[in-house]
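Colleague: I'm a first-year student, and I keep running into labels that nobody explains. Please take me through one model and tell me how each label was earned.

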Amino acid sequence: MNCSIFLKRLDDYIEDNLSMDMKIAMEKHLDECSSCKAYYEEEVNIEKAFKGVIQNKDIVFGSCRSSIMDSIDKSMYEKKLSKRMILYFKRYKFIYSTCAALLIGFISLAPYISNKLNESAGEKLAQNKTAKNIMLRNDEPENFMMKSVEEKIQVKQAPDATLTKPTVFLEEKYVFKKNSLESNTIPSMIWKESPDKKVSAAIEGQNIEGTEEGIHPIILRENATKKIYKLSFKDESIQYAPKKLQWWDDKNLLVIIGYGFGTITKGGDLFIVNIDTGNTYSVYKTQDDKKEVTDVEKVSNNDGSIDFKLKLNVYEDENYLKSHLEEKLIENFQVVYDK
């Protein structure tokens, strides 16, 4: 169990509404994670204080927290866009219906208005041509022979520009800062060279499986000058850490970022990190707490395109004890940055 799952089930744990297996898993996580334990103790103290304030000798309150939570209209805070849209439509259905009726009416009248405008423009053009011909006949001698000359005008139409949608998106939460380090302070690590062989990168203190606990920075080494730099999160309070990395190109790393403390998971989500700016862009997010990227393989095809083969660890139970591996293929991946 990781910190995110523990916090989601904390209210049920405080009110003793969990199954025995889940309760054991929660208690095990409390013993392992000091930050979650401190948060749990704070919540328990708030619960006791709240009950003490509203205590009445003639009334017994079963659970103040649950009563309050049950009275909240949770549909107002739905994360899914589809459910929020349904809620807003029900609330403002009169306005939406009126706008829809006006739009349908405009679409219905559009052909009629267009025909009238075309007829009016055609009549004006015919009148202008007639007046011009009369003026030419009056100005030229009677024996003047008009010769018609056909002019061929070639108009080159520019092809429609195809708008390319972004494939990676800036993640302000995971932006890195870059600082220089003394070379003699760096322990031995598993270095990976950039395609141009100019820079090597590694994750300090992380094992090859990416399961070592803690917040580990990315270390960069300029191979020619031997200068050392450290990439660490600007927001030092977040409990996430780089798990694995490899090079995307000479200036960007593919990095798997996941939980760093508590019950350690095996992976996370996939990002691109620029070694100069520290900007981080999301490439693939599982959108599911029970799925995590554990490894990525970059495959170069004969036609020059690049595919990603992702290995996913998928948990099968609520206690996050059983899991299996799955694979996902991202074909013809191109980096188009979110502006």
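Modeller: Let's begin with the element names: helices and strands are DSSP runs, at least four residues for a helix and at least two for a strand, and they are numbered from the N terminus. Keep in mind that this is a predicted model.

Colleague: Which strand gives the largest share of the lining of the largest pocket?

Modeller: That's S8, with three residues. The whole lining counts 23 residues, and Tyr259, Asp269, Gln287, Asp288 and Asp289 are the ones nearest the centre of the pocket. Two or more lining residues come from each of helix H1 (3-8), strand S8 (252-259), strand S9 (269-274) and strand S11 (291-300).

Colleague: How much space lies in the largest pocket?

Modeller: About 650 Å³. The idea behind it is simple: rolling a probe the size of a water molecule over the atoms shows where empty space is left.

Colleague: Gln287 was in your list. What makes glutamine 287 count as exposed?

Modeller: Its relative accessible area is 71%, and exposed means over 50%, so glutamine 287 earns the word. You'll find glutamine 287 in the loop between S10 and S11. Another thing about glutamine 287 is a positive phi of about 60°, although it is not a glycine. Aspartate 16, in the loop between helix H2 (10-14) and helix H3 (20-32), also has a positive phi of about 60° without being a glycine.

Colleague: Now the cysteines. How many disulfides does a search of the whole structure find?

Modeller: Zero. Cysteine 3, for instance, is in no disulfide, and its nearest cysteine sulfur, in cysteine 36, is 3.7 Å away. The sulfurs have to be within 2.5 Å.

Colleague: Why is there no bond for the sulfur of cysteine 33?

Modeller: The closest cysteine sulfur, again in cysteine 36, is 3.5 Å from it. The cut-off is 2.5 Å, so that sulfur is too far for a bond.

Colleague: And why is cysteine 33 called buried?

Modeller: Buried means under 20% relative accessible area. Cysteine 33 has 3%, and cysteine 3 has 6%, so both labels hold. Tyrosine 240, in strand S7 (residues 240-247), is buried too, because its value is 18%.

Colleague: What makes lysine 290 and glutamate 318 a salt bridge?

Modeller: The rule asks for a side-chain nitrogen of Lys or Arg within 4 Å of a carboxyl oxygen of Asp or Glu. Here N to O is 3.2 Å, so the pair passes. Lysine 290 sits in the loop between strand S10 (280-284) and S11, while glutamate 318 sits in the loop between strand S12 (306-315) and strand S13 (323-330), so the bridge ties together parts 28 residues apart in sequence.

Colleague: How do you know that arginine 9 and aspartate 12 meet in a salt bridge?

Modeller: Same kind of check: their N to O distance is 3.9 Å, and the limit is 4 Å, so they are in. Arginine 9 is partly exposed at 26%, and aspartate 12 is partly exposed at 29%. Lysine 197 and glutamate 193 make another bridge, with the closest N and O atoms 3.6 Å apart. The structure holds nine salt bridges, and a network of them links Lys178, Lys251 and Asp276.

Colleague: Why is lysine 197 exposed, while glutamate 193 is partly exposed?

Modeller: Exposed starts over 50%, and partly exposed lies between 20% and that. Lysine 197 has 53% and glutamate 193 has 43%, so they fall on opposite sides of the 50% line.

Colleague: Last one: which residues make the nonpolar surface patch?

Modeller: Tyr88, Phe89, Tyr92, Phe94, Ile95 and Tyr96, together about 650 Å². Helix H6 (81-91) and helix H7 (93-139) each supply at least two of the patch residues, and H7 gives the most, with three.

Colleague: What makes tyrosine 88 partly exposed?

Modeller: Tyrosine 88, which is found in helix H6, has a relative accessible area of 36%. That is between 20% and 50%, so tyrosine 88 is partly exposed. A patch residue needs over 30%, so tyrosine 88 clears that bar as well.

Definitions and conventions
Residues numbered from 1 in each chain as written. Predicted model: local features only at pLDDT ≥ 70, side-chain atom pairs only at ≥ 80, totals over all residues. Heavy atoms only, no water. Patch = residues over 30% accessible without salt bridge, like charges linked within 9 Å, V, L, I, M, F, W, Y side chains within 5 Å. Areas by Shrake-Rupley, 256 points an atom, 1.4 Å probe, with all protein chains shown as cover. Buried < 20%, exposed > 50% of the residue type's maximum accessible area, 1.4 Å probe, protein only. 1 Å grid on protein atoms, 1.4 Å probe; cavity = no way out; pocket = protein on both sides within 12 Å on 5 of 7 lines; lining within 4 Å. Points joined across faces, edges and corners; volume = space filled by probe spheres on them.
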